[in-house]
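Student: I have a model open and would like to go through its architecture with you. Could we take it piece by piece?

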Amino acid sequence: MSLRLSTVILPYRRWHEGARSAWVRAEQLGFHTAYTYDHLTWRSFRDGPWFGAVPTLTAAAAVTDRLRLGTLVTSPNFRHPVPFAKELISLDDISGGRITLGIGAGGTGFDATALGQEPWTPRERADRFAEFVSLLDRLLTEDTVTYEGRFYSAHEARNVPGCAQRPRLPFAVAATGPRGVKLAARYGQAWVTTGDPKLYETGTPEQSVEALRGQIGRLAEACAAAGRDVTGLDKVLLTGFTPDRARPLSSLDAFVDFAGRHRELGFTEIVIHWPVPDSVFATDEKVFEQIAMEALAQLA
């Protein structure tokens with residue numbers, strides 16, 4: 001099974017002070033996709049610079065030609081499907097059809113309260129996520145949409161000419177719970193996981209592999225129930241949140257070993273974080289580039 005290697009570039013640098021060069025270099029290094037986080041701010045970066053995902057991806061589209069681009073991930077926490085669909089259609093057009101929408105239910109971090117609301121309960125997040133995804137799917141595939149839901153409404157929302165990619169740009173649905181996995185099976189062209197968060201602090205790499213095996217098994221069951229073959233759904237692992245943490249990026253051999261074990265589980269794409277000095281994503285840039293240029297050849 002072939003494996004793709006992608007990266008995620010955090011939007012913490014000014015465009016002309018390092019951000020632009022990172023996106024250009026990502027294409028030069030041969031990454032399949034370069035994603036960015038779609039947050040208003042994030043964890044330890046809260047008190048420093050942080051830029052918007054859609055403008056960042058628009059700028060990245062203008063300085064690259066082949067590299068796929070995307071969010072990892074967008075959530076309903078601060079977005080409404082109607083204006084967001086218009087932004088996505090525009091972004092897909094500007095990029096020449098190179099956009100993937102990573103999409104998830106969101107969490108209880110800064111995004112959850114930035115608009116002045118109380119954090120949603122897990123059930124409400126799941127309910128909103130289901131409605132968000134289904135309405136966004138319609139908005140990106142139909143010229144005109146009228147909809148009245150529990151959380152979102154659309155009145156004659158027009159989205160001509162639609163996405164450059166047909167019938168719409170691909171959804172990469174981040175989910176591990178049963179309801180989210182069902183959404184991935186129904187609407188996703190890809191499924192995204194970061195592993196089992198319960199294992200992050202005290203788990204072992206072996207336990208993580210078994211947890212991921214179980215997640216893929218549940219995805220297969222959801223796909224079967226939806227009448228889909230799970231092999232037709234890309235499976236994306238966003239690294240940095242499993243018990244091994246940064247070890248896979250410590251050397252080329254370490255990454256090849258890590259990637260090989262996860263390819264055997266059925267993963268088709270592995271995403272590594274672009275180096276961020278003085279952070280949890282601090283990585284030797286020479287090793288990072290060596291992995292980008294040489295790892296897949298060793299896994300062939």
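**Helix packing, barrel and buried residues**

Tutor: Let us begin with a pair of helices: α7 and α8 are oblique to each other. Please keep in mind that this is a predicted model.

Student: At what angle do α7 and α8 pack, and how far apart are their axes?

Tutor: Helix α7 and helix α8 (residues 285-299) pack at about 45°, and their axes are 9 Å apart. Angles from 35 to 65 degrees fall outside the roughly parallel and roughly perpendicular ranges, and α7 and α8 are therefore classed as oblique. The crossing of α7 and α8 is right-handed.

Student: Which residues of α7 and α8 meet there?

Tutor: From α7 there are Leu252, Asp253, Phe255, Val256, Ala259, Gly260 and Arg263. They meet Val287, Gln290, Ile291, Glu294, Ala295, Gln298 and Leu299 of α8. Sorted by class, this contact has 8 nonpolar, 3 polar and 3 charged residues.

Student: Another helix pair, then. How do α2 and α3 pack?

Tutor: Helix α2 (residues 53-63) packs with helix α3 (residues 81-95) at about 15°, with the axes 9 Å apart. The two are therefore roughly parallel to each other. The crossing of α2 past α3 is left-handed.

Student: And which residues make that contact?

Tutor: On the α2 side they are Val54, Leu57, Thr58 and Ala61, and on the α3 side Phe84, Glu87, Leu91, Ile94 and Ser95. The classes are 6 nonpolar, 2 polar and 1 charged.

Student: Let us change topic to the strands. What do they form, and in which order do they run?

Tutor: They form a closed barrel of 8 strands with parallel pairing, in the order β1-β2-β3-β4-β7-β8-β9-β10. Between neighbouring strands of this sheet the average turn is 25°, direction ignored.

Student: How many bridges join β9 to β10?

Tutor: There are 3 bridges between strand β9 (residues 234-238) and strand β10 (residues 269-273), which run parallel. Leu237 is the residue opposite Ile270 in β10.

Student: Which strands does α7 touch?

Tutor: Helix α7 (residues 252-265) packs on the sheet and touches β1, β9 and β10. The direction of α7 makes about 145° with that of β10.

Student: What about β4: is it enclosed or open?

Tutor: Strand β4 (residues 99-103) has 5 of its 5 residues buried, so it is largely enclosed by the rest of the structure. Both of its faces are covered, with Ile99, Leu101 and Ile103 buried on one side and Thr100 and Gly102 on the other.

Student: Why do the residues split between two sides like that?

Tutor: In a regular strand, side chains alternate between the two faces of the sheet.

Student: How is β4 joined to β3?

Tutor: Strands β3 and β4 run parallel and are joined by 4 bridges. Thr71 is opposite Leu101 in β4.

Student: And β2, are its faces covered or uncovered?

Tutor: Both faces of β2 are covered: Thr33 and Tyr35 are buried on one side, and Ala34 and Thr36 are buried on the other. Strand β2 pairs with β1 in the parallel sense over 2 bridges, and Thr7 stands opposite Ala34.

Student: Which residues of α1 are buried?

Tutor: In helix α1 (residues 19-28) they are Ala19, Ala22, Trp23, Val24, Ala26 and Glu27. Their cover includes β1 (4-8), β2 (33-36), α2 and β3 (68-74). Just after α1, Gly30 has a positive phi of about 90°.

Student: Now some single residues. Where is Leu219, and is it buried or exposed?

Tutor: Leu219 is in helix α6 (residues 205-225). With a relative accessibility of 0%, Leu219 counts as buried. Leaving aside residues up to four places away in sequence, Leu219 touches Val181, Ala184, Trp191, Val230, Leu233 and Lys235. Its C-alpha is 7.6 Å from that of Lys182, although 37 residues separate the two in sequence.

Student: Finally, where does Phe241 lie, and what does Phe241 touch?

Tutor: Phe241 lies in the loop between β9 and α7. Phe241 is buried, because its relative accessible area is 13% and the cut-off for buried is under 20%. Not counting residues up to four places away in sequence, Phe241 touches Tyr37, Trp42, Arg43, Thr194, Tyr200, His273 and Phe281. The C-alpha atoms of Phe241 and Ala172 are 18 Å apart, with their positions 69 residues apart along the chain.

Conventions:
Residues are numbered from 1 along each chain as its sequence is written. This is a predicted model: local features need pLDDT of at least 70, side-chain atom pairs count only at pLDDT 80 or more; totals for chains, interfaces and linings use all residues. Side-chain values use heavy atoms; hydrogens and water are left out. Axes are lines fitted to C-alpha atoms, for helices over the stretch in contact, and angles run from 0 to 180 degrees between N-to-C directions. Angles under 35 degrees count as roughly parallel, over 145 as roughly antiparallel, 65 to 115 as roughly perpendicular and the rest as oblique. A crossing is left-handed if the near helix is turned anticlockwise from the far one by less than a right angle, and right-handed if clockwise. Contact means heavy atoms within 4.5 Å. Ala, Val, Leu, Ile, Met, Phe, Trp, Tyr, Cys and Pro count as nonpolar, Asp, Glu, Lys and Arg as charged, and the others, Gly among them, as polar. Buried means under 20% relative accessible area, exposed over 50%, partly exposed in between (1.4 Å probe, protein chains only). Two strands pair if DSSP finds at least two bridges between them.
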